Amino acid sequence: MDLIPVHPAAHYTVGGARADAACRTSVPGLLAVGEASCSGLHGANRLASNSLLEGLVLGEVAGLEAVREASGEPLGKPAKVVSDIRPSVQGELDLSDVRSSLRAAMWRNVGIERTGAKLRDAVEMFDFWGRYTLDKIFDEPEGWETQNMLLVGALMARSALWREETRGCHARDDFPDTRPEFLVHDCWTRGDEGPESVAVETGELVRTRA
Ligand SMILES: Cc1cc2nc3c(=O)[nH]c(=O)nc-3n(C[C@H](O)[C@H](O)[C@H](O)COP(=O)(O)OP(=O)(O)OC[C@H]3O[C@@H](n4cnc5c(N)ncnc54)[C@H](O)[C@@H]3O)c2cc1C
């Protein structure tokens, strides 16, 4: 007999690439579904156990949409993928070090109880690591995965820092109350300083924040 290891785990990202009812994103030809997407099907969030159902239902929708696009009724020309990554001027990179540091920082600074100070630290850390990681071209999937993990982590930290309130599973020690002005989805585009806000009920863009 031995002790059973018990460790908390995140089981839903509460966000993703924004997708419409046909799983289309703002990138022509790119569909997003399931954990990778933010469909709005359940409003701002979903009840427990609805992620698998959403994945199943919208998975079929995305499949049909992909067939439709492939069979001559394209809704948008697929975007040409152009890599603008220039040869890195930063030094060597220890991928496993970045991954384990990122995991630890996500848990410590962007975990269950959040404060502005810790979130700000996380944003700064991820920006710093990003300078060494996001400008590299890799031969192995582990490298691309690490870049994606860093990008998602950075977006989560930025979004959590911006959301100065407590709502659902986002608990800010320094802003313990729910604030009506944050009854919006925040949509982040790479390179922008702040998010665009989208009404939860209608999906309409309600205002642009600096
Ligand atoms: C611990 C835990 C508990 C959960 N409990 C519940 C629950 O009780 N009820 C519920 O409804 N939901 C639950 N969820 C959420 C649910 O499991 C996910 O939302 C759902 O599995 C998402 O499905 P998906 O197909 O979008 O993504 P995934 O299930 O993550 O599938 C993505 C697949 O893509 C593969 N992949 C990744 N990168 C590449 C690549 N570059 N090339 C090829 N393949 C790739 C991965 O290996 C994986 O097989 C839970 C999640 C976790 C982690």
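This is a short exchange about a predicted model, covering a ligand site and the packing of three helices.

Trainee: Which residues surround the ligand?

Mentor: Ala 10, His 11, Val 33, Gly 34, Glu 35, Ser 49, Asn 50, Ser 51 and Leu 52. Each has a heavy atom within 4 Å of the ligand.

Trainee: What makes the contact between the ligand and Ser 49 a polar contact?

Mentor: The cut-off is 3.5 Å between N or O atoms. A ligand oxygen sits 2.8 Å from a polar backbone atom of Ser 49. So that pair qualifies. Leu 52 also offers a polar backbone atom, 2.9 Å from a ligand oxygen. For Ser 51, the distance from a polar backbone atom to a ligand oxygen is 3.3 Å. Both pairs therefore pass as well.

Trainee: How much of the ligand does the protein cover?

Mentor: On its own, the ligand has 1000 Å² of accessible area, and the protein covers 32% of that.

Trainee: How is the shell around the ligand divided by class?

Mentor: Three residues are nonpolar, five are polar and one is charged. Glu counts as charged, and Glu 35 is in the shell. Gly counts as polar, so Gly 34 falls in that class.

Trainee: Now the helices. Why is helix 2 called roughly antiparallel to helix 3?

Mentor: Helix 2 (residues 95–109) packs on helix 3 (residues 116–133) at about 165°, with the axes 10 Å apart. Angles over 145 degrees count as roughly antiparallel. So this pair earns the label. The crossing is left-handed.

Trainee: What makes helix 2 roughly parallel to helix 4?

Mentor: Helix 4 spans residues 141–162, and its axis crosses that of helix 2 at roughly 25°. The limit for roughly parallel is under 35 degrees, so the term applies. These axes come within 10 Å, and the crossing is left-handed.

Trainee: How do you know that helix 3 and helix 4 are roughly antiparallel?

Mentor: Their axes cross at roughly 150° and come within 9 Å. The threshold is over 145 degrees, so they are roughly antiparallel. Helix 3 and helix 4 also make a left-handed crossing.

Terms used
Residues numbered from 1 in each chain as written. Predicted model: local features only at pLDDT ≥ 70, side-chain atom pairs only at ≥ 80, totals over all residues. Heavy atoms only, no water. Polar contact = N/O pair within 3.5 Å; in protein donor to acceptor, adjacent residues only side chain to side chain. Areas by Shrake-Rupley, 256 points an atom, 1.4 Å probe, with all protein chains shown as cover. Axes fitted to C-alpha atoms, helices over the stretch in contact; angles between N-to-C directions. Helix = DSSP H or I, 4+ residues; strand = E, 2+ residues; numbered from the N terminus. Parallel < 35°, antiparallel > 145°, perpendicular 65-115°, else oblique. Left-handed = near helix turned anticlockwise from the far one by under 90°.
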